[in-house]
Amino acid sequence: MTFRITYSVLEADLTELHREFDGVLSSLRSEFGKSYPSWVAGRALESGDLLDSHPPADTRQLLARFHRAPVTILDEAVRAAHAAQKIWAALPWQERVARIRRAAGLISERRLRLSAIMSLEVGKSRLESLGDVEESADLLRYYSGQVEESNGFSRPLGKLSPNEDTRDVLRPYGVFAVISPFNFPAALATGMAGAALLAGNAVILKPSEETPWCAQGLYDALRDAKLPDGLFQVLHGEGHTIGAALSRHPGIDGVAFTGSTKVGFELQRLMTTGKRMRPALLEMGGKNAAIVCESADLDAAVEGCARSAFGLSGQKCSALSRIYVARSRQQEFIEKLVERARKIVIGDPTRAEVYLGPVINAAAVARYEQAAADVKSGGGTIHVGGERLRGGEFEHGYFVAPTIATVPRSHRIAKDELFLPFVIVEGFDTFDEAIALANDVDYGLTGGIFSGNKDEIEQFMDRCEAGVLYANRKTGATTGAWPGVQSFCGWKGSGSTGKGGCGPFYVAQFAREQSQTRMG
Ligand code: NAD
């Protein structure tokens with residue numbers, strides 16, 4: 001395959017790609033049911049009880065089994081990570097970058113297998129899965145570039161007298177716990193872990209319990225790129241057990257987390273208890289809005305909104321969940337969006353023609369059914385969707401219909417992150433009102449506008465309280481950021497650091513500054 005997949009691909013001849021994907025998928029099926037270890041201190045831990053991975057499209061199947069890491073293993077894991085970190089940090093930065101670049105190359109070479117695993121395990125469409133894997137390799141390359149451009153994070157500073165020499169250097173913290181979510185299991189685990197490693201740290205990864213198989217691919221690539229034993233470890237298990245114990249462990253020097261705002265706030269509190277401050281680099285949820293102005297190209301707006309609201313079943317932190325439309329065009333917009341939603345091909349996401357797979361688990365289906373019930377009981381209207389899909393190929397999976405609703409402004413559905421293919425559409429009378437509505441949530445991740453008026457676009461860029469903004473983007477109103485192209489910074493309740501993944505300041509956050517003055 002020579003074609004490069006990003007999240008913004010609209011039209012391309014993908015025949016060859018699909019043929020290759022089909023081949024990999026069928027060989028993968030012969031591996032179903034295998035057991036995999038957690039990776040502790042450079043060795044396979046095969047004694048823990050088993051975490052089973054089932055495809056959300058058909059829960060009768062068993063994809064693979066993973067040995068959970070017991071909490072009692074943490075002391076050994078942390079000790080080994082500290083020992084390996086010393087070896088790693090003593091290498092020239094050029095050598096560290098070379099090995100991480102090698103891992104990026106291996107991920108790219110293995111992209112078909114890795115994305116087929118992801119499509120099965122997450123329920124992601126083929127193209128979204130390929131995009132996620134490709135992004136993970138690009139993140140390693142882009143972050144490597146940040147170390148190179150900064151001369152290994154070392155630069156001369158000023159002098160107060162002629163015989164002094166001062167340098168500013170960034171030094172690693174030590175051992176990072178990296179805790180990743182299910183929805184971008186390659187890009188997010190790789191991005192956080194890769195940046196921590198490039199800054200000279202060791203990493204203990206606790207991947208989402210929903211996507212353990214995806215984490216194995218990252219472990220394989222880093223091991224094959226010859227990282228020191230114990231420098232990168234993978235502990236499987238649930239968040240409230242091994243995740244919580246790992247982040248509480250006194251030997252952990254910092255946490256990088258991507259996931260829900262609730263867990264993020266808990267981790268922030270944890271990192272400030274005790275006698276020293278430990279960094280908590282947190283990327284969290286979103287409740288993202290798009291504004292469709294009177295002058296908008298309505299077809300582009302409908303396409304961009306549909307892709308961002310329903311892609312990956314609305315399970316992107318950047319997913320579009322609120323649309324504010326100029327009152328004069330509200331009815332026409334809703335009709336077109338409903339028509340577009342009805343055309344979406346839903347089903348087993350490993351099939352080439354499917355755009356929308358299942359949601360991740362039973363809890364997500366329950367959240368969906370509750371949201372639909374709350375719209376109805378709270379004075380809202382469901383324009384399309386609102387029901388779990390059953391029968392045929394839906395019967396044994398977590399399938400729900402893409403949903404478009406209108407609710408009163410104070411309704412919880414207009415404020416809470418649902419993380420589902422569920423979008424609300426509301427009218428506005430003035431542009432100021434639209435901006436105020438877009439900003440009236442606790443989150444601040446992404447936002448979009450469709451307008452033919454340059455002044456409105458500039459006002460939106462200036463006044464929208466979110467870290468990732470797009471104007472007139474048919475390929476995705478609020479989704480589809482790419483490393484080195486869109487930085488991805490959560491404002492307000494969506495992030496803790498004011499610097500985003502995919503952006504130029506990311507890697508530096510995994511290290512602390514030190515000035516070194518030497519008198520001549
Ligand atoms: P989640 O918060 O449930 O889980 C994320 C990770 O945290 C998992 O590995 C989980 O096991 C672990 N965890 C859970 N409780 C824990 C605890 N008490 N201590 C330590 N670890 C714990 O999130 P999810 O359902 O996997 O992912 C969806 C969420 O992630 C959404 O809110 C979404 O918006 C957010 N997200 C944000 C970004 C971003 O870049 N801002 C990107 C992707 C997803």
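**Entry 1: a three-stranded sheet**

I started with strand β7 (residues 164-172), which pairs with β22 in the antiparallel sense over nine bridges. I noted that this is a predicted model. For the register I picked Thr166, which stands opposite Thr517 in β22.

Next I asked in which order the strands of this sheet run. I read β6-β7-β22, three strands in an open sheet with antiparallel pairing. At the edges I found β6 (154-156) and β22 (511-519). Each has a single partner strand, so one side of each is left without a neighbour in the sheet. I logged the twist too: from one strand to the next it averages 20 degrees.

**Entry 2: strands β4 and β5**

I moved to strand β4 (residues 50-53) and strand β5 (residues 64-67), which pair in the antiparallel sense over four bridges. Here Leu50 stands opposite His67 in β5.

Which side chains of β4 are buried? I found Leu51 and Ser53 buried, pointing to one face. Leu50 and Asp52 point to the other face and are not buried. I set the general rule beside this: in a regular strand the side chains alternate between the two faces of the sheet.

**Entry 3: two domains**

I looked up how the chain is divided. Domain 1 covers 37-284 + 498-519, and domain 2 covers 288-482. I noted that these bounds come from an automatic or database domain assignment. Taken over C-alpha atoms, the centres of domain 1 and domain 2 are separated by 31 Å.

How many residues of each domain are in contact with the other? I got 25 residues of domain 1 and 26 residues of domain 2. The two domains bury about 2100 Å² between them. Of this area, 61% is on carbon and sulfur atoms.

**Entry 4: nonpolar cores**

I turned to the largest nonpolar core, which has 158 residues. I listed those with the most contacts inside it: Phe232, Val292, Cys305, Ile323, Phe333 and Phe422. Helix α6 (residues 187-198) gives the most to this core, with eight residues. I also checked the core against the domains: it draws at least three residues from each of domain 1 and domain 2. The general background is that in soluble globular proteins, nonpolar side chains tend to be buried together.

I then took Phe333 by itself. What does Phe333 touch, not counting residues up to four places away in sequence? I found Val292, Leu298, Ala301, Val302, Cys305, Ile323, Val325 and Val425.

Apart from the largest core lies another, of 16 residues. I wrote down Phe431, Leu437, Ala438 and Ile449 among them.

**Entry 5: Ser136 and Ala225**

I found Ser136 in helix α5 (residues 126-149). Is Ser136 buried or exposed? Its relative accessible area is 2%. The cut-off for buried is under 20%, so I count Ser136 as buried. I left aside neighbours within four places in sequence and found Ser136 in contact with Ile107, Ala186, Ala187 and Thr190.

I placed Ala225 in the loop between α7 (212-224) and β10 (232-234). Ala225 is buried as well, with a relative accessible area of 0%. Again leaving aside neighbours within four places in sequence, I found Ala225 in contact with Arg99, Arg102, Ala103 and Leu106.

Last, I checked Ala225 against Ala186, which is 39 residues apart from it along the chain. Their C-alpha atoms are separated by 17 Å. I recall Ala186 from the contacts of Ser136.

Notes: Residues are numbered from 1 along each chain as its sequence is written. This is a predicted model: local features need pLDDT of at least 70, side-chain atom pairs count only at pLDDT 80 or more; totals for chains, interfaces and linings use all residues. Side-chain values use heavy atoms; hydrogens and water are left out. A nonpolar core is a set of buried Ala, Val, Leu, Ile, Met, Phe, Trp, Tyr and Cys residues joined through side-chain atoms within 4.5 Å. Buried means under 20% relative accessible area, exposed over 50%, partly exposed in between (1.4 Å probe, protein chains only). Helices (H or I, at least four residues) and strands (E, at least two) are DSSP runs, numbered from the N terminus. Contact means heavy atoms within 4.5 Å. Two strands pair if DSSP finds at least two bridges between them. Axes are lines fitted to C-alpha atoms, for helices over the stretch in contact, and angles run from 0 to 180 degrees between N-to-C directions. Buried area is the accessible area (1.4 Å probe) that two parts lose on being put together, summed over both.
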